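Reader: I work at the bench and would like to learn how to read a model of this kind, feature by feature. Could you take me through one, giving the general idea before each case?

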Amino acid sequence: MNGKTFYITTPIYYPSDKLHIGHSYCTVATDVMARFKRLQGYDVLFLTGTDEHGQKIELKAQEAGVTPQQYVDQVVAGIKELWNLLNISNDRFIRTTDDYHMESIQKIFKELYDRGYIYKGSYKGKYCTPCEAFWTESQLVNGNCPDCGRPVVDAEEEAYFFKLSAFQERLIKLYEENPHFMEPQSRMNEMVNNFIKPGLEDLCVSRTSFTWGVPVTFDPKHVVYVWVDALSNYITALGYGNDRYHDFEKYWPADVHFVGKEIMRFHTIIWPAMLMALDLPLPKKVYGHGWLLLEGGKMSKSKGNVVDPTILVDRYGVDAIRYFLLREFPFGSDGLFSNESLITRINADLANDLGNLVSRSVAMVKPFGGTLPTERQPEPIDEEILSLARTLKEKYEKHMEEYAFQNALIEIFKLISRTNKYIDETAPWTLSKDPANHPRLATVLYNLLECVRIAGILLTPFMPSTAPRIFEQIGAGPEITSYESAGTWGLLPANATVHKGDALFPRIDVAKELAALEAAKAAAKEKATPAKKAAVEGIASLISIDDFAKVQLRVAQVKSCEPVKRAKKLLCLQLDDGTDTPRQVVSGIHPWYEPEQLIGKKLVVVANLKPATLCGVESNGMILAADAGENDVKVIFVDDTIPCGATVR
């Protein structure tokens, strides 16, 4: 160890039912950086985890018929399995439901309150339930949430607020004095122009409309809202405000937070302001990486366009996926993902270049029984690859320190490609035919193996499973595969013994593989189609137009709405259907909607349905809703300009 520490984090992930390759992208990048710093001799702490509180979790748990804790426990177990599959070397995994974290959050909230930075008020505005974010009217995009593009609802409730507006000038000063606080530079421009200059507004930091959260100690009907709870994980995981850990002084401030560009606002505005309010040091850097896109846009479960990393790892191996994610796209930019680009990259770089180089270099030592003789015959043609190898570590390190992972890999593969060309130039197979040329052959082969050793060391953070296999095949022990040894030429023993192994990355037949993927996709679709068709056909038998005319559908507006006691799924709605008498309807849509999401909305009601009593409450009609996918229901809303009582036909 060199006595230096390095603290790096991913964002804590919302425990969705399925993490896709986009989530894996950030975590793999963080892992690569953590491994690189460990190679350099740093004392590294790599933190990841899950953000488990909030209204979304509470609703999903109700839908699943379990407690919120049971729901998150099950999902988090799957997330940990995925990180294990991707060979993620995190040192700690924090959950916001951990007792020590919740203890710290209560202390942090109280400290901010006592310092005068949190005050009680009432919130009235636009709220996006999926993003758990409040927005002003001016921040909306076409009337929808600016982050996810989905509809927002009017919300009003008592809440505590953080005085974010008080930190506007201090944040501007931070950016001016620390121009590299957030990167890439485009993120800085976005934060300043889109959020700082229009004027910061105070931030809602507690809720009373749900209970799944950290209770406010001095006002228990409130739970701490996402910002204080989630963002503070970076310091609570070090023991700030708790006795679980005791290394806050050692590791804080963080060297870098890796986050997706969509949450840069929280990490570069809200988080620094909170730390300023607590008189704590700020993180040294926040790096906002881009998105992995498909042809349909950003990957999203709701769009049905996610890519399952488990399937990719099973087909191509974990190191191939790790390599592709950081080689194909610049880390700070968006990248277009496709199966074809993945397979092409594996073939070109890993099978043809790296795998072929290792295989050929090892195989050509066979004339010497697998052990190189020590007699050498260097020639001027050797100097170019020796120069590339000797200067590679310095170039690589510069790119890694700038989080330019793609460029670091490009430098490594410049050496690998040039070394393959060197094989063609020196023709070892010809040299092997005449014993008089064996000193020259031994020199060529040593140069090949030494280039492989240096490249393998620098590939270790990216491909931690492949690098040891490379070292084993070329006969390089641990004493010559340290990071520092990558900067010195000639450390491989002169009489190195090689050990032929399996191909590192077998070549993939692109056409056959893409056809197989399409066939598998079609088979899955065909398998699902009959069940879906049967479900549709089972709704009702064919009816005549006269039968349909008996159903009276009217537009109605929700005037009030509240949960039905002792019924998890039922809401009781009071509707204005254009008559003088309010219409009461009971609907089983509570797993998908909270009352405040419905109030003021116009929908369609079956107006001539016989009354029914549900859990002791009379229902006079039925509202129209649609199955929007597995375990998802959407109420059919209508345009606000349609008058109440209008007939739907």
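Author: Let us begin with a term: helices and strands are DSSP runs, a helix having at least four residues and a strand at least two, and they are numbered from the N terminus. With that numbering, Pro253 can be placed in the loop between helix 9 (248–251) and strand 12 (256–260). Please keep in mind throughout that this is a predicted model.

Reader: What is the peptide bond from Trp252 to Pro253, cis or trans?

Author: The peptide bond from Trp252 to Pro253 is cis, with omega near 10°. The bond from Glu183 to Pro184 is also cis, and there omega is near -5°; Pro184 sits in the loop between strand 7 and helix 6 (185–196).

Reader: Before more details, how many helices and strands does the protein chain have?

Author: The protein chain has 21 helices and 26 strands, and its C-alpha atoms fill a box of roughly 110 × 65 × 40 Å, taken along the principal axes. Of the 649 residues in the chain, 52% are buried. Taking contacts between residues at least 6 apart in sequence, 75% join residues at least 24 apart.

Reader: In what order do the six strands of the open sheet come?

Author: The order is 3-2-1-12-13-7, and the pairing is parallel. Strand 3 (92–95) and strand 7 (182–183) are the edge strands, since each pairs on one side only. Within the sheet, strand 1 (residues 5–9) and strand 2 (residues 43–50) pair in the parallel sense over five bridges, and in strand 2 the bridge partner of Ile8 is Phe46.

Reader: Turning to helices, how should I judge whether the length of helix 4 agrees with its number of residues, and what span should I expect?

Author: The expected span is 1.5 Å times one less than the number of residues. For the 16 residues of helix 4 (residues 99–114) this gives 22 Å, and the end C-alpha atoms are 23 Å apart, which agrees. The buried residues of helix 4 are Tyr100, His101, Ser104, Ile105, Ile108, Phe109 and Leu112. These residues cover an arc of only 165° around the axis, so they are on the same side of helix 4. Helix 4 is followed by Gly116, whose phi is positive, near 85°.

Reader: Which residues of helix 18 are buried, and where do they fall around its axis?

Author: In helix 18 (residues 466–474), the buried residues are Thr466, Ala467, Ile470, Phe471, Gln473 and Ile474. Seen down the axis, they fall within an arc of 165°, so they line one face of helix 18. They pack against helix 12 (318–327), helix 13 (339–363) and helix 17 (438–459). Just after helix 18 comes Gly475, which takes a positive phi of about 75°.

Reader: How is the packing of two helices described?

Author: Two packed helices are described by the angle between their axes and the distance between the axes. Here helix 5 (residues 168–177) and helix 10 (residues 264–277) pack at an angle of about 110°, with their axes 10 Å apart. Helix 5 and helix 10 are therefore roughly perpendicular to each other. Helix 5 makes the contact through Arg170, Leu171, Leu174 and Tyr175, and helix 10 through Thr268, Ile269, Pro272, Ala273 and Met276.

Reader: Which residues other than glycine have a positive phi, and are they buried or exposed?

Author: For this one needs the cut-offs: buried means under 20% relative accessible area, and exposed means over 50%. Asp279, including its phi near 60°, is one of the cases; it lies in the loop between helix 10 and strand 13 (286–289), and with a relative accessible area of 58% Asp279 is exposed. Ala427 has a positive phi of about 50° although it is not a glycine; its place is in the loop between helix 15 (405–426) and helix 16 (428–431), and at 16% relative accessibility Ala427 counts as buried.

Reader: Why does Leu517 count as buried, and what does it touch?

Author: Leu517, in helix 19 (residues 510–537), counts as buried because its relative accessibility is 17%. Not counting residues up to four places away in sequence, Leu517 touches Arg315, Tyr316, Asn339 and Ile343.

Note on methods:
Residues are numbered from 1 along each chain as its sequence is written. This is a predicted model: local features need pLDDT of at least 70, side-chain atom pairs count only at pLDDT 80 or more; totals for chains, interfaces and linings use all residues. Side-chain values use heavy atoms; hydrogens and water are left out. Buried means under 20% relative accessible area, exposed over 50%, partly exposed in between (1.4 Å probe, protein chains only). The arc is that of the directions from the helix axis to the C-beta atoms. Contact means heavy atoms within 4.5 Å. Two strands pair if DSSP finds at least two bridges between them. Axes are lines fitted to C-alpha atoms, for helices over the stretch in contact, and angles run from 0 to 180 degrees between N-to-C directions. Angles under 35 degrees count as roughly parallel, over 145 as roughly antiparallel, 65 to 115 as roughly perpendicular and the rest as oblique.
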